[in-house]
Amino acid sequence: MSQPRLLDPDLDFIREMKSHGAVDVKKCFQCATCSVVCNVSPDDRPFPRKEMLWSQWGLKERLLADPDVWLCHQCHDCTNYCPRGARPGDVLAALQRMSVMRYATPKVWARMVREPRFLPIVFGIPVVILLVFMAACGTLRIPEGEIVYRKFIPQWPVVDVIFPITAIWAVACSAAGIRKMWLELKAMGPEIRKEYRYSPLEWVTVYVGGTIVDILKHQFFKLCDANRFRFVAHFNILWGFILLAITTACVAAGVYLFGKQTPYPLSNPIKWIGNLGAVILIVGSVLAIKNRLSKGEKAGRATYFEWLFLWVVLATGVTGLLTELLRLANSPTIAYPMYFVHLVCVWFLFAYLPFSKFSHMLYRTTAMVYARWAGRALGKGVEIAPPAMGTWEH
Ligand code: SF4
Ligand code: SF4
């Protein structure tokens, strides 16, 4: 028999939620329409009705360790059907923002990307870092002759030092955030866990591998109805980033393993992958921005947190593509500053990954892995495959 759980309501919680965008949470009268219409909500312990109730009760600790908050894809089917205008999709979005703050290490970085007043600092940091390194290398001027970007921002030490250190920072902060989240999920959710014992290899392939396949196919995003357009935008952004990551890995291998310096000719397949990635990224981010602007509140109430990320994603794709086009057009006075802006955007995406809207990639993935591990379905009517061997532990 399950043990009774003591409730520990946080009376300031609703005020805090409202500051994160959940302004209509108290309108909910628990009709459960939202849980019925949500296609990614499993039949077993469906959401978001229970999250609405927990929010009204002020169960902060329960909510911020609730995997279902992150299984929500922010399609707003539920918001559009809610008869009370309680906007459950916005409530889950607010809980996601609060979770990012909770898991952030160090927290000041999460505050910086959440509050507009810190915008000059957010972008000032990479600008100053790049300028200091360039000054130290004596490249603070537009170079003459053929456009070669490493004459302006030297590969060594600028790119080779700043970006690996930023990547290590992002990985360390992401790992700390994921660890915090996982421990809280495990501590707060034993009643839904039906653990199945896999070997470490099976654990990686079944839980992590299966989740990654789901994400690459956007298996569950497709189930949303009212905001299907958002699926297309998100799918493009995801695959844009994947192609650009493949390009970066190939270029790094070319430079460091085979001594093949950039720029590569347009006939090089690495260029094709990179350009395709940039175009897909631009298309996806334009669709996402257009969707939010044209549908207004039907697409969810976006806050500064979402807008900042979306605009930086678009800027990254546009400046990346323009960097190439301006080099081909031989316009050094615009091409070199454009490359500088592009690197600032890339630095933003890396350095603020665990703190910005980008972090949903970490936390939704963790929630999906947890859901598989807990034997929890990831959609209405979706069955979790029974274990091939061994036993379920209840
Ligand atoms: S959020 Fe709306 S649809 Fe969901 S239970 Fe409350 S009133 Fe009903
Ligand atoms: S926003 Fe979409 S995915 Fe999230 S709870 Fe509502 S219907 Fe479900």
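# Exercises on a two-domain chain with two ligands

Helix H2 (33–37) and helix H3 (49–57) each contribute at least two residues to the shell around ligand 1. The model is a predicted one.

**Exercise 1. Describe the shell around ligand 1: how many residues surround the ligand, and which are the closest?**

Step 1. Ligand 1 is surrounded by 13 residues.

Step 2. The closest of these are Cys28, Cys31, Thr33, Cys34 and Cys82.

Step 3. Sorted by class, the shell around ligand 1 holds nine nonpolar, two polar and two charged residues.

**Exercise 2. Determine whether glutamine 56 is buried or exposed, and identify its contacts beyond its sequence neighbours.**

Step 1. Place the residue: glutamine 56 belongs to helix H3, one of the helices that supply at least two residues to the shell around ligand 1.

Step 2. Apply the cut-off: a residue is buried if 20 or more other C-beta atoms lie within 10 Å of its own. Glutamine 56 has 20 other C-beta atoms within 10 Å, so it is buried.

Step 3. List the contacts. When neighbours within four places in sequence are set aside, glutamine 56 is in contact with Val25, Lys26 and Cys28. Cys28 is also among the closest residues to ligand 1.

Step 4. Compare sequence with space. Lysine 27 and glutamine 56 are 29 residues apart along the chain, and their C-alpha atoms are separated by 9.4 Å.

**Exercise 3. Describe the surroundings of ligand 2: which residues come nearest, and which element gives the largest share of the shell?**

Step 1. There are 16 residues around ligand 2, and Cys38, Cys72, Cys75, Cys78 and Gly89 come nearest.

Step 2. H6 and H7 are the elements that give two or more residues to this shell.

Step 3. H7 provides the largest share, three residues.

Step 4. By class, the shell around ligand 2 consists of 10 nonpolar, five polar and one charged residues.

**Exercise 4. Locate the two domains and describe the side of domain 1 that touches domain 2.**

Step 1. The domain assignment gives domain 1 as 13–100 and domain 2 as 107–185 + 222–361.

Step 2. The C-alpha centres of the two domains are 31 Å apart.

Step 3. In the contact between them, 18 residues of domain 1 meet 18 residues of domain 2.

Step 4. On the side of domain 1, helix H6 (77–81) and helix H7 (88–103) are the elements that give two or more residues. H7 gives the most, with six residues.

Step 5. The residues of this side comprise six nonpolar, nine polar and three charged.

**Exercise 5. Check the length of H7 against the expected span, and state how many of its residues are buried.**

Step 1. H7 has 16 residues, and at 1.5 Å a residue they should span 22 Å.

Step 2. The end C-alpha atoms of H7 are 22 Å apart, which agrees with the expected value.

Step 3. H7 is mostly covered, since 14 of its 16 residues are buried.

**Exercise 6. Assess the overall form of the chain: what is its secondary structure, and how does its radius of gyration compare with the globule rule?**

Step 1. The chain contains 16 helices and two strands.

Step 2. Its radius of gyration is 23 Å, close to the 21 Å that the globule rule gives for 394 residues, so the chain is as compact as a globular protein of that length.

Step 3. Along the principal axes, the C-alpha trace spans about 75 × 50 × 35 Å.

Step 4. Of the 394 residues, 38% count as buried.

Step 5. Among contacts between residues at least 6 apart in sequence, 75% join residues at least 24 apart.

Methods
Residues numbered from 1 in each chain as written. Chains lettered and ligands numbered in written order. Predicted model: local features only at pLDDT ≥ 70, side-chain atom pairs only at ≥ 80, totals over all residues. Near = placed C-beta within 6 Å. Helix = DSSP H or I, 4+ residues; strand = E, 2+ residues; numbered from the N terminus. Nonpolar A, V, L, I, M, F, W, Y, C, P; charged D, E, K, R; others polar. Domains from an automatic or database assignment. Contact = placed C-beta atoms within 7 Å. Rg over C-alpha atoms; globule rule 2.2 N^0.38 Å. Buried ≥ 20, exposed ≤ 12 C-beta atoms within 10 Å, placed from the backbone. Expected span 1.5 Å × (residues − 1).
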